[in-house]
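Student: I'm new to this one. Could you walk me through it?
Tutor: Sure, have a look first and then ask away.

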Amino acid sequence: MTAEADTADLPTRDLDAVQDDAIRDRVPARDRRDRPELGVIQIKENVVAKLAAYLATEVPDIGGRAELHRRPAVSARVDGGQAYLDVTASVRWPASVGQVTADLRQHLRTRVRELTGLEVGEIRIEVSDLITAAPHARVS
């Protein structure tokens with residue numbers, strides 16, 4: 001059986017699909033960007049939240065609830081290409097709460113966009129505690 005006999009038996013619609021596949025395979029990947037027929041990547045909210053919690057630890061003077069060595073609590077909502085974050089964190093005292101939270105907002109906006117492609121809208125930050133250096137154990 002020859003190749004001509006194989007394609008002759010195909011309905012016209014299937015032949016067109018085969019030809020479209022052949023053309024697509026010849027188009028470089030960089031020219032196929034932003035074409036919805038190639039698929040969509042969806043990032044779940046819990047993944048964005050975990051990523052943001054990890055990224056928050058990269059900001060100096062930010063920590064988790066009541067402990068600086070832990071990750072802050074983060075919840076995320078994803079709506080289309082936008083992410084919205086709620087962060088509950090502690091700040092090392094005597095750092096400026098305003099400056100630290102501004103740095104955290106900027107860092108999360110930049111890094112989440114770089115790593116996920118999502119634009120970050122509102123970031124609500126609740127400072128749950130001011131943490132001083134851990135007290136040293138006393139020896140009696």
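Student: How many salt bridges does the structure hold?
Tutor: Keep in mind that this is a predicted model. A salt bridge here needs a side-chain nitrogen of Lys or Arg within 4 Å of a carboxyl oxygen of Asp or Glu. With that cut-off, the number of salt bridges in the structure comes to five.

Student: Which parts does the pair of Glu 58 and Arg 111 tie together, and how far apart are they in sequence?
Tutor: The side chains of these two meet in a salt bridge, at 3.7 Å from N to O. Glu 58 sits in the loop between helix H3 (45–56) and strand E1 (62–63), while Arg 111 belongs to helix H4, so the pair links parts whose separation in sequence is 53 residues.

Student: Are Glu 58 and Arg 111 buried or exposed?
Tutor: Buried means under 20% relative accessible area and exposed means over 50%, with partly exposed in between. Glu 58 comes out at 37%, and Arg 111 at 25%. Because those values fall between the two cut-offs, Glu 58 and Arg 111 both count as partly exposed.

Student: Which residue in helix H4 meets Arg 111 in a salt bridge?
Tutor: Look three residues along helix H4 from Arg 111, which is about one turn of the helix. The partner there has 51% relative accessibility, so it counts as exposed. The N to O distance of this salt bridge is 2.9 Å, and the partner is Glu 114.

Student: What is the N to O distance between Glu 119 and Arg 113?
Tutor: Glu 119 is partly exposed, with a relative accessible area of 41%. Arg 113 is partly exposed too, at 36%. Their side chains meet in a salt bridge, and its N to O distance is 3.4 Å.

Student: Which residues do salt bridges with shared partners join into one network?
Tutor: Arg 111 meets Glu 58 in one salt bridge and Glu 114 in another. Through shared partners, the network is made of Glu 58, Arg 111 and Glu 114.

Student: Where is Trp 93, and which nonpolar surface patch residues go with it?
Tutor: Trp 93 lies in the loop between strand E3 (82–92) and helix H4 (97–116). Its relative accessibility is 52%, so Trp 93 counts as exposed. The nonpolar surface patch has about 350 Å² of accessible area together, and besides Trp 93 it contains Val 97, Val 127 and Leu 130.

Key: Residues are numbered from 1 along each chain as its sequence is written. This is a predicted model: local features need pLDDT of at least 70, side-chain atom pairs count only at pLDDT 80 or more; totals for chains, interfaces and linings use all residues. Side-chain values use heavy atoms; hydrogens and water are left out. Patches are made of residues with over 30% relative accessible area and no salt bridge: like charges are joined within 9 Å, nonpolar side chains (Val, Leu, Ile, Met, Phe, Trp, Tyr) within 5 Å. Accessible areas come from the Shrake-Rupley method with a 1.4 Å probe; for residues, only the protein chains shown count as cover. Helices (H or I, at least four residues) and strands (E, at least two) are DSSP runs, numbered from the N terminus. Buried means under 20% relative accessible area, exposed over 50%, partly exposed in between (1.4 Å probe, protein chains only).
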